Amino acid sequence: MADTAVADTTIDTAMGAAGGTDLQPWTADQVLGLAPDLAAERAARAASGDRSWAETGHSVADDEVPTMLWGLAKGSATVPYQTVVDVAELAFRCSCPSRKYPCKHALGLLLRWSAGSIGPA
């Protein structure tokens, strides 16, 4: 599993002027703007539902701003996929076998965050 950071101007307004210290949940359009293709966008919408996740949460910085989202995505494997999104540095990591980056699980996790469906760990 490779851990690679991706920069995207579609989320600059959500990160605040201080370079990520005032993070707010992104809009669904900003999240879907990260999708590598339309199939990934559709799959991410499906993966954002409650039934797709065994567990989700977020970690916060000292100033109580969420910086990391994590979840256990129910997939075709017997063990849930471990998904982590660093929203401060915009990096994604998932244990799924997908070759798309970000995968539908990372995008689905971000969509859940944008909808206010992820609480603290």
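Trainee: What pattern does the protein chain follow, read along the sequence?

Mentor: The order is β-α-α-α-β-β-β-β-α, built from four helices and five strands. A helix here is a DSSP run of H or I with at least four residues, a strand is a run of E with at least two, and both are numbered from the N terminus. Before we go on, this is a predicted model, in which local features need pLDDT of at least 70 and side-chain atom pairs count only at pLDDT 80 or more, while totals for chains, interfaces and linings use all residues. Residues are numbered from 1 along each chain as its sequence is written, and side-chain values use heavy atoms, leaving out hydrogens and water.

Trainee: What is the mean pLDDT of the protein chain, and where does pLDDT stay under 50?

Mentor: pLDDT is the predictor's confidence in each residue, on a scale from 0 to 100. The mean is 83, and 77% of the residues reach 70 or more. Residues 1–21 stay under 50, and the model has 41 contacts for them beyond four places in sequence. A contact means heavy atoms within 4.5 Å. Where pLDDT is low, the predicted coordinates should not be read in detail.

Trainee: Why is the pair of Trp26 and Trp113 called edge-to-face?

Mentor: Rings of Phe, Tyr and Trp (its six-membered ring) pair if their centres lie within 6.5 Å; planes under 30 degrees apart are stacked, over 60 edge-to-face, and the rest tilted. For Trp26 and Trp113 the centres are 5.4 Å apart and the planes stand at 75°, so the pair is edge-to-face. The two rings link distant parts of the chain: Trp26 is in the loop between α1 (12–15) and α2 (28–32), and Trp113 is in helix α4 (residues 104–114), 87 residues apart.

Trainee: What makes Trp26 count as buried or exposed?

Mentor: Buried means under 20% relative accessible area, exposed over 50%, and partly exposed in between, with a 1.4 Å probe and protein chains only. Trp26 has 1% relative accessibility, so it is buried. Trp113, at 4%, is buried as well.

Trainee: The structure holds two aromatic pairs; what do Phe92 and Tyr101 form?

Mentor: Phe92 and Tyr101 make an edge-to-face aromatic pair, with 5.4 Å centre to centre and 80° between the planes. Phe92 is buried at 3%, whereas Tyr101, at 31%, counts as partly exposed. Tyr101 is also joined to Pro102 by a cis peptide bond, with omega about -5°. Pro102 lies in the loop between β5 and α4.

Trainee: How do you know that β3 and strand β4 pair, and in which sense?

Mentor: Two strands pair if DSSP finds at least two bridges between them. β3 and β4 (residues 81–86) have six bridges, in the antiparallel sense, and Ala73 stands opposite Tyr81 in β4. Strand β2 (residues 53–60) and β3 (residues 66–73) are also antiparallel, over seven bridges. There, Thr56 has Gly71 in β3 as its bridge partner.

Trainee: How many residues does the largest nonpolar core have?

Mentor: A nonpolar core is a set of buried Ala, Val, Leu, Ile, Met, Phe, Trp, Tyr and Cys residues joined through side-chain atoms within 4.5 Å. The largest one has 25 residues, and Trp26, Val85 and Leu110 have the most contacts inside it. At least two residues each come from α2, α3 (38–47), β3, β4, β5 (91–94) and α4. The largest share, six residues, is from α4. Leaving aside residues up to four places away in sequence, Leu110 touches Trp26, Val31, Leu34, Leu69, Val85, Val87 and Phe92.

Trainee: Why is α4 said to be largely enclosed by the rest of the structure?

Mentor: Nine of its 11 residues are buried, so α4 fits that description. Among them are His105, Gly108 and Arg112. The buried residues of α4 pack against α2, α3, β2, β3, β4 and β5. After the helix comes Gly116, with a positive phi near 80°.

Trainee: Where is Leu90 placed, and what is its phi?

Mentor: Leu90 sits in the loop between β4 and β5. Its phi is positive, about 50°, although Leu90 is not a glycine. With a relative accessible area of 3%, Leu90 is buried.
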